[in-house]
Every structure is written in structure tokens, then in C-alpha cells.
Amino acid sequence: MSQDLPSHERWAILEWSTGRPREWFIARPESEWLSVAEAPLVTRLFAARTAGQPLAYLLGEREFYGRRFWVRPGVLIPRADTELLVDAALEVARNGLRILDLGCGSGCLGISLALELRARGRVCSLTMVDTSPVAVATSRNNARWLGVDAEVLLGDWWEAIATNGDSAQHPRFDLVVSNPPYVRPDDPHLQMGDLRFEPSQALVGHAPTADGLADYRRILKGVPAHLAPGGMLLLEHGHDQQSDVLALVRQAGLVDAQGLHDLSNRPRAVRAFAPPPGHYD
Ligand SMILES: C[S@@+](CC[C@H](N)C(=O)[O-])C[C@H]1O[C@@H](n2cnc3c(N)ncnc32)[C@H](O)[C@@H]1O
């Protein structure tokens, strides 16, 4: 078996390819592990992973907040870091939340929130938006697979959300969560690891600026029209972008803006609230 891969990846490939658990393999000699029919698939996956292809794309899945989400090339691979947004949103869990996940990718954020709220006896409505047709299809599949009712819209940030042209009729949300593209276009990490295979519109966005903040500006422009009074906005950001994102959020007229830190105490998200009606600057 390929010794070039970390052992947890070797086990993941073996278990996924055969549908048999690790204990089954451990109980027998390696020469008995794979049938003649199974060996080519395992060999191909080991080779592809050794060549750098993301494990999540090879297996078509990744765990997020304790659940399995389908992923495929063209969709960002869910990151454990993003679970911070789920934890932060659940601090204000209440019944009847209208939730919007902007830039949903696999749908991991919005769907996890809906399921965690349900587990706490709360109902919510969930809308998800992405500009990528592959992401929209993947989010729809994940919502169906995990048993969540969700409206998943294809389009550019707020433009995806229908209005009849009358700003008073804009759909309003109580909770808007987003992990937008924020990688700077010259970031050397783009040439490393899984990032080499992930869609650039998910990492740097469609019209990136050198500071990586272009999509925060675009998202924040639409917040006054769409975040209900007292509603919460939660934004993930890069580890060195918190002060910039806090400044943008305050400039947009949001109140009680606060930086959040992950379990390693790195600054990774911002939380802010819509002011009462008529109080936007
Ligand atoms: C960093 S990924 C986050 C995906 C998912 N929320 C997650 O955490 O795994 C950013 C997502 O925003 C989407 N996106 C980029 N530009 C967009 C735009 N202008 N309008 C809507 N979605 C956009 C990308 O396609 C991508 O799915």
C-alpha cells in the first residue's frame, strides 16, 4: 500500500473504495485486503492522491460539523475553520430565523445551521446563493441528502435574490452568513496543496482586488436592504483581515461589530448587527 500518503488518507481510500471498515483490514494480512476487482480502483486513487489531487474530490465527500457533504471539482472543499461561523450563529439561536448563506459552495454552512437549529427544536427558513452552477447543484443535492428544505439560487450576491424593483419588497433575513472569496490574488498558497485544484471564483472571486476585500465591499453594499433590524451578519475572513473587515462592516452602518477567534485564537470572523429601522448612517 502506498507509503507516500499519511496513514489516515490511506485508510480513508481503503474504506471508501471497499465499503469495509478499518477493523476488517486490521484483522487480516495485507495480501487478503483487496479482491482482483477492487485493486485497480484503490491503486488509481492512491496514485491520484499522491499526485496531489484533493482527497475530498477523489472521494466526493468531506465532513463538516459532524456530517458528510458531497463535494466535487468546481466546489470549495469545506474547511473545519468555517465551523466557527456555525458556533457563532447558534449563540443567538431562536425560532423562525430567516437565514441566508451567501456563497454557499457545498451548502455546508447553511445546511449545518438549519440542522443544528432543528436539533434544538427551532424552525428556520434557509436561502442559499452562489454564482457557480456546480455549487448550486451540489448545495441542492446536499440539502436533499441531509433532509433540509432550502431555496438555492444561482446568481451574483444580492442580485440572485428576487425583488420586484421596489426596495420595500426586498426579502429580509434575520441571519446572513458568508464565507466569501478573500484570498489575495498573489498569495503563494494558491500554488500549494488542495488550493491548486479548487475553483478560483471561490478563493479569489470573480473580480479580485489586491487586498482580497472586493467581495466584502460588494456584500456589504446590499446589507441595509436585506438584513432585518436587529439581524446578525457573520463573515469569515483571512487571518490578517479582521481589522479591515471590522472597518468595512462599521462603514456599512452595522452596529456592535465584534471580531471572533477560532479555537487556536486566530482572528477568523466578524459578527455585527443591523441597527433599528431608520438608523443606518
Ligand atoms: C470561500 S467559498 C465558500 C463556500 C462555502 N460557503 C464554504 O464555506 O465551504 C466562496 C463561495 O462564494 C461563491 N461566490 C464567489 N463570487 C460570488 C458572487 N459574486 N456571487 C455569489 N457567490 C459567489 C463561490 O462560488 C464559492 O462557492
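This is a short walk through one protein model, from its domains to its sheet and then its ligand.

A caution to begin with: the model is predicted.

Domains, then. The protein is split into domain 1, residues 7-51, and domain 2, residues 74-273. Taken over C-alpha atoms, their centres lie 36 Å apart.

Next, the sheet. It is open and has seven strands. Read across, the order is β5-β4-β3-β6-β7-β9-β8, and the pairing is mixed. Which strands stand at the edges? They are β5, residues 151-154, and β8, residues 255-261. Each has a single partner strand, so one side of each has no neighbour in the sheet. From one strand to the next, the twist averages 15°.

Look at one pair in detail. Strand β7, residues 227-236, runs antiparallel to β9, residues 267-273, with five bridges between them. Here Leu235 sits opposite Val270 of β9.

Now the helices on the sheet. Helix α5, residues 83-90, packs there and touches β6, β7, β8 and β9. Its direction makes about 30° with that of β9. Helix α7, residues 133-146, also packs on the sheet, touching β4 and β5. The angle between the directions of α7 and β5 is about 175°.

Last, the ligand. How many residues surround it? The count is 24, and the closest are Gly103, Gly105, Thr131, Asn179 and Ala202. Three elements give two or more residues to this shell: α6 (108-119), β4 (124-130) and α8 (200-203). So β4 turns up twice: in the sheet and in the shell around the ligand. By type, the shell residues are eleven nonpolar, ten polar and three charged.

Note on methods. Residues are numbered from 1 along each chain as its sequence is written. This is a predicted model: local features need pLDDT of at least 70, side-chain atom pairs count only at pLDDT 80 or more; totals for chains, interfaces and linings use all residues. A residue is near a molecule or strand if its C-beta atom, placed from the backbone, lies within 6 Å of it. Helices (H or I, at least four residues) and strands (E, at least two) are DSSP runs, numbered from the N terminus. Ala, Val, Leu, Ile, Met, Phe, Trp, Tyr, Cys and Pro count as nonpolar, Asp, Glu, Lys and Arg as charged, and the others, Gly among them, as polar. Domain bounds come from an automatic or database domain assignment. Two strands pair if DSSP finds at least two bridges between them. Axes are lines fitted to C-alpha atoms, for helices over the stretch in contact, and angles run from 0 to 180 degrees between N-to-C directions. Two residues are in contact if their C-beta atoms, placed from the backbone, lie within 7 Å.
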